[in-house]
Amino acid sequence: MRLFYLFVITVVLLLACNEQPVESTVVIPETPFLVVLGIAQDAGYPQMGCERTCCTAVWTGQEDPQFVSAVGVVDPRAQKKWLFDATPDMREQLELFQQYALSQSFLPDGIFLTHAHIGHYTGLMQLGREVMGADRVPVWAMPRMDTFLRKNGPWGQLVNLQNIDIQALTNKASISLSKNMQVRPIQVPHRDEYSETVGFLISGPNKSALFIPDIDKWERWDESIIDYVGQVDYLLLDGTFFDNGEIPNRDMSEIPHPFITESMELFTDRLPEEDRAKIIFTHFNHTNPMLWNSEKRKLVEDMGFGVARMGQIIEL
């Protein structure tokens, strides 16, 4: 029987309308695990300038704010941790992450980037000389992402001042993080204006998790998400929008994320109940009722799927 450390964690979230310490008791595994550090789409929740009910509920303190989608991975025995995506909320997320990796340094042992949209890399600015003046933090990036960072400011300054040390990723080439941990980038279709887009298959000694926060419609991928369900234990998947028409007066074909309703239909038709339980939706737009409508969340969960929550631990 595995041993667990029990910590009482006080997480101070100096955000929006919730400035009181939030106390929660969590069981932190002694073996490798993934922790959810954010669940919102790139612009966060609430979104700037939003005066709809979904956002005013946060401004007025009726709902809690949520960080932008990211996950952390910890190998307690190797005394190492890694961050997947550097979001605009990275300052707060690393503070939160520290609560789950108490014996390790504040900065992660590496940062893995999915792509060059604002919610997934702009937190790197916190590593520059205006803030931490970090020393060669490994940042893992695909070839176009690598070039984008080196050739454009202010990111190129991070490279030149050796605040970050860019490491090369190759599609489907596994990287050993520690004796117990591996990660493999998997390229997916998305709006690739500045870089490729990848998800990450993160493998521990016992279980594995596929993290795909951004992808275009499943049918646009030359691979099958159904096949991956059979290969991994958990899938944290793009749940940006719940259904079509969620953004009034906007052609949603221009932002072709798979709607949660579409994904649930696909998975319900093709997967048994035990496999549907592997799927956890994340990366929610501020308009997505997964953030603010408990009845809609319950509907998704009653159909056998998971809804990511900040602080959620997944053992690997």
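What follows is a walk through some local features of this predicted model, from its confidence to its sheet, two buried residues, a helix and some salt bridges.

Confidence comes first. Across the chain the mean pLDDT is 90, and 92% of the residues reach 70 or more. The stretch to watch is residues 1-23, where the pLDDT is below 50, even though this stretch has 51 contacts in the model beyond near neighbours in sequence. Where pLDDT is low, the predicted coordinates should not be read in detail.

Next comes a sheet. Seven strands make up an open sheet with mixed pairing, in the order E9-E10-E11-E12-E13-E14-E15. Its edges are strand E9 (175-176) and strand E15 (306-307), each of which pairs on one side only. At the E15 end, the partner is strand E14 (residues 279-282), and the two run in the parallel sense, joined over two bridges. Phe281 has Val307 in E15 as its bridge partner.

Between two strands of this sheet sits Glu196, in the loop that connects strand E10 (182-187) with strand E11 (198-203). What does a buried Glu196 do without a salt bridge, given that the nearest side chain of opposite charge, Arg144, is 5.5 Å away? That distance lies outside the 4 Å cut-off for a salt bridge. The Glu196 side chain turns up beside backbone instead: it reaches the backbone nitrogen of Arg144 at 2.7 Å, and one of its polar atoms lies 3.3 Å from the backbone nitrogen of Met145. Setting aside neighbours within four places in sequence, Glu196 is also in contact with other residues, including Thr114, His115, Met142, Pro143 and Gln187.

Trp218 is another loop residue, found between strand E12 (208-212) and helix H6 (225-229). Is Trp218 buried or exposed? Its relative accessibility is 8%, so Trp218 counts as buried. Beyond residues up to four places away in sequence, Trp218 touches Ile225, Leu237, Pro258, Ser263, Leu266 and Phe267. Val188 is 30 residues from Trp218 in sequence, and their C-alpha atoms are 9.5 Å apart in space.

Right beside Trp218 in the numbering, Lys217 takes part in a salt bridge with Glu262, with the closest N and O atoms 2.8 Å apart. This pair links distant parts of the chain, 45 residues apart: Glu262 belongs to helix H7 (residues 260-270), while Lys217 is in the loop between E12 and H6. The two ends of the bridge are not equally covered. Lys217 is buried because its relative accessible area is 13%, whereas Glu262, at 32%, is partly exposed.

Helix H9 (residues 294-302) offers a few details of its own. At its start, a side-chain oxygen of Asn293 comes to within 3.0 Å of the backbone nitrogen of Glu295. Inside the helix, Asp302 and Lys298 meet through their side chains in a salt bridge (2.8 Å, N to O). Why are these two about one helical turn apart? Asp302 and Lys298 are four residues apart in H9, so about one turn separates them. An α-helix has 3.6 residues a turn, so residues three or four places apart point the same way. Asp302 is exposed, with a relative accessible area of 56%. After H9 comes Gly304, with a positive phi near 100°.

In the whole structure, the search finds eight salt bridges. Another of them joins the side chains of Arg136 and Asp135 (2.9 Å, N to O). Here Asp135 counts as exposed, at 53% relative accessibility, and Arg136 as partly exposed, at 47%.

Terms used
Residues numbered from 1 in each chain as written. Predicted model: local features only at pLDDT ≥ 70, side-chain atom pairs only at ≥ 80, totals over all residues. Heavy atoms only, no water. Buried < 20%, exposed > 50% of the residue type's maximum accessible area, 1.4 Å probe, protein only. Lys, Arg positive; Asp, Glu negative; His and termini not counted. Polar contact = N/O pair within 3.5 Å; in protein donor to acceptor, adjacent residues only side chain to side chain. Contact = heavy atoms within 4.5 Å. Pairing = 2+ DSSP bridges. pLDDT = per-residue confidence, 0-100.
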